[in-house]
Amino acid sequence: MISQSVMAQDTTRTFNNIDYCEFQKRQKSFTSLDGKMKYIDEGNSDKVVLLLHGVPTSGWLYRKMIDSLVAGGLRVIVPDMLGFGSSASPKGYDLYTPDAHATRLLALMDSLEIKSWCHVFHDFGGQVTWEMLRKDSTCMSELVILNTLIYEDGFNPPVRMKRGPIAHIAMSLYRSRLTNKLMLKQLFKMSLYHTELTKTEFKGYQWPMLHGKTRAMYTFFTNTKNQLPDYSSILKNLQIPVHVVWGKYDEVLTWDGQSVAVIADLNIKKENIHLVEASHFVQEETPVTICDTVLEIVK
């Protein structure tokens, strides 16, 4: 296991020397049936970890972790789901359901000839993960849960939007240069506990939206206007190790509201639950803890 101090140094070095253009240059392309997806694939190990983002982010969310995990001896796959980041954003509503995302991600991993991997996921990535496991219960060797969608009792969105004009207007605010900065600043104000993004970091989140990547966001926000689907049967049937790194100050995705059910259904050991001094974006605030957890369980 890599020490905390070494991990922190690697994270700081990477963090200080990359902007979104450089991040994009590290990405490869996968042509799915629905459109081109971008992803990072680094490291030569047969021990693989997939880092899955949520809404409204992309693989950029994991930039502080990639080099440290590779240095720790892992092969790291970081996709931009269709409609996010640098991936294509084709027209269509059903292209961006959890089921559709799951199908494309499994196809990506199959194209890379990766049969099983440690799966790290965040936010909306939870719904996509449960759908991936519904399709192939053997594809993941371990789960690392980061502030994600699991049960309705832990989900407290500030607003639920129906399909239609209001939701379209909300998405247009993210695409406009006049309002995007305000919208994202508000998001990070409520989703970071003790961290402030630099201009370079902030621009990495801005770029996709200013380039029109809001169709997948629209689908997510309007799909979650009602209660979340019940994935309890999938969770209860999993027979793999599960670890949790959860920002305890997250007001939208809370651990306390659902912890009893999640722990019981996924059979999570007490020592595998890490409640950290962070809010929603734990990858920004506690990347070292997440990397240490992944390296420990995989190695």
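Buried residues account for 59% of the 299 residues in this protein, which is a predicted model. The overall dimensions fit that picture of a packed chain: the radius of gyration comes out at 18 Å, and since a compact globule of 299 residues would sit near 19 Å, the two agree. The C-alpha trace covers about 50 × 45 × 40 Å along its principal axes. As for secondary structure, there are 13 helices and eight strands. Of the contacts with a separation of 6 or more, 78% pair up residues 24 or more positions apart.

No disulfides turn up anywhere in the structure. Take C291, for instance: the closest cysteine sulfur belongs to C118 and lies 11 Å from that of C291, so the pair is too far apart for a bond. C291 itself is buried, its relative accessible area being 0%.

Then there is D80, which sits in the loop between β4 (75-79) and α4 (98-111). D80 is buried but has no salt bridge. The nearest side chain of opposite charge is that of K213, and it is 7.1 Å away, whereas a salt bridge calls for a nitrogen within 4 Å of a carboxyl oxygen. What the D80 side chain does have is polar company: there is a polar contact with the side chain of Q27 at 3.0 Å, and the backbone nitrogen of G59 is reached at 2.7 Å. Both partners also show up in the contact list of D80, which leaves aside neighbours within four places in sequence and further includes Y20, M37, K38, H53 and S58, along with G85, S86 and S87.

Notes: Residues are numbered from 1 along each chain as its sequence is written. This is a predicted model: local features need pLDDT of at least 70, side-chain atom pairs count only at pLDDT 80 or more; totals for chains, interfaces and linings use all residues. Side-chain values use heavy atoms; hydrogens and water are left out. A disulfide is a pair of cysteine sulfur atoms within 2.5 Å. Buried means under 20% relative accessible area, exposed over 50%, partly exposed in between (1.4 Å probe, protein chains only). Helices (H or I, at least four residues) and strands (E, at least two) are DSSP runs, numbered from the N terminus. Lys and Arg count as positive and Asp and Glu as negative; His and the chain ends are not counted. A polar contact is a pair of N or O atoms within 3.5 Å; within protein, one must be able to donate a hydrogen and the other to accept it, and residues adjacent in sequence count only if both atoms are side-chain atoms. Contact means heavy atoms within 4.5 Å. The radius of gyration is taken over C-alpha atoms; the globule rule is 2.2 Å times the number of residues to the power 0.38.
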